[in-house]
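I opened this entry to look up how the side chains pack, starting from one aromatic residue and working outwards.

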Amino acid sequence: MKLATTRVASRPAFVLERAVMAGVVLLVEFLVGGGLAAEELPPSSSVRPELFATGFAFAEGPAFDVHGNLYAVNYRELGTIGRITPDGTASIWCDLKKASPVEGRKVQANGLKIDSEGRLIAADAGGGRVLRISSDGRQVEVLADRCEGVRFNSINDVALDRLGNIFFTDSGTSAADNSVGAVYRYDIGTKKTMRLAGGLAYPKGIGVTPDQQHLCVGESARYRMLIFPLDASTGQVGDPRVLIDFPQQTQGDVLGGKFAPDGFVFDGAGRLYVAMWLGGVINVVDVPSGTIVRQYNAGGGQATNCHFYGAYLYTTVAEKEAVFRVKLGVQGHQYWSQRPLEGEHGKAAADAKE
């Protein structure tokens with residue numbers, strides 16, 4: 001149904017190429033590498049956030065599927081996942097309170113990702129679980145709720161590698177002086193969960209680098225990003241190093257303060273876009289050097305997460321109960337292994353134009 005109280009900008013889209021093989025239209029890779037992703041980013045001061053959608057009790061976890069549907073959590077009320085279709089239709093797509101309740105806990109999703117089959121992978125912070133939701137939003141599967149018999153506390157965010165394995169953070173009750181947060185990996189083949197690292201001070205955002213050789217984790221209570229060497233074949237990580245300590249004072253044109261890194265994504269060139277909680281900005285980090293190369297207005301102070309679609313970076317801002325977008329003209333890193341789509345939906349996605 002159409003909701004008059006939800007404001008949606010013009011239809012988002014991303015540029016796709018089509019290849020015809022044996023009469024079947026195949027959806028191919030995003031334009032990355034030597035194309036748009038490698039181009040210089042616009043200056044920080046030249047970009048202004050646009051309001052895209054409103055109506056979120058606590059906006060988090062933006063993710064797009066290949067059809068251009070936007071998913072974000074807590075639409076209209078806590079414990080739901082909302083969907084906004086390319087034509088602007090907004091609705092509660094899945095009510096986790098009804099679809100997958102947990103006795104004694106208040107289920108509430110946080111970070112989201114889309115897998116290669118169009119299913120939604122969700123960090124259930126309230127229920128302490130990693131969920132996989134069918135593409136129609138009707139079936140909710142619990143992939144992991146414990147490791148070695150110990151229940152998770154509060155899953156904050158999720159990430160996928162190109163094989164579909166799921167990495168996630170459990171912030172728990174951790175803090176700078178109580179560093180009990182941890183990082184885990186769910187093996188999509190064996191369906192087993194492995195603890196990768198512990199002793200972290202409120203880990204939030206997590207992501208596998210485009211080259212699949214490193215795992216980045218935001219250690220929010222210490223205002224920094226960690227980077228772990230990653231063995232893609234086993235999922236094991238080595239000792240981390242600090243990728244960047246975010247400035248707690250303004251340095252030149254870069255706004256600083258006690259801003260905690262929250263959710264983040266990579267673009268096709270491997271740059272890292274970090275939503276800074278309480279800072280109201282997206283810090284763009286060059287991974288090889290660990291430096292901030294751009295800083296963009298996220299749309300409001302409580303920036304929680306971000307996701308690319310087409311030429312835009314979409315941001316969730318809790319204090320505004322909204323999703324914003326900024327036009328950067330670069331493509332995001334495609335973190336899933338895309339598979340051919342057939343039928344009407346596949347053709348619609350292939351026909352999408354910026």
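**Aromatic pairs and cores**

I looked up Phe152 first: in this predicted model its relative accessible area is 1%, so Phe152 is buried, being under 20%.

I then checked Tyr184, which has 8% relative accessibility and therefore also counts as buried.

I counted ring pairs next and got 12 aromatic pairs. For Phe152 and Tyr184 I noted ring centres 4.8 Å apart and planes at 65°; the angle is over 60, so I entered the pair as edge-to-face. This pair links distant parts of the chain, 32 residues apart. I placed Phe152 in the loop between strand 13 (150-151) and strand 14 (155-160), and Tyr184 in strand 16 (residues 181-186).

I turned to Tyr312 and Tyr314, whose ring centres are 6.2 Å apart with planes at 55°, so I entered this pair as tilted. Both Tyr312 and Tyr314 are buried. I found them in a cluster linked by ring pairs, together with Phe52, Phe64 and Tyr309.

I also looked for charges over rings. Arg325 lies over the face of Tyr312, 3.8 Å from the ring centre. The charged end of Lys113 sits over the ring of Tyr335, at 5.9 Å from its centre.

Last, I went through the nonpolar cores. The largest has 34 residues, and Ile81, Leu112, Ile166 and Phe168 touch the most other members. Strand 9 (residues 120-124) gives this core its largest share, four residues. I listed contacts of Ile81 beyond four places in sequence, among them Trp93, Leu112, Leu120 and Ile133. A second, separate core has 16 residues, including Tyr273, Ile282, Ala303 and Leu313.

Notes. Residues numbered from 1 in each chain as written. Predicted model: local features only at pLDDT ≥ 70, side-chain atom pairs only at ≥ 80, totals over all residues. Heavy atoms only, no water. Core = buried A, V, L, I, M, F, W, Y, C linked by side-chain atoms within 4.5 Å. Buried < 20%, exposed > 50% of the residue type's maximum accessible area, 1.4 Å probe, protein only. Helix = DSSP H or I, 4+ residues; strand = E, 2+ residues; numbered from the N terminus. Contact = heavy atoms within 4.5 Å. Phe/Tyr/Trp six-rings, centres within 6.5 Å; stacked < 30°, edge-to-face > 60°. Lys NZ or Arg CZ within 6 Å of the ring centre and 35° of its normal.
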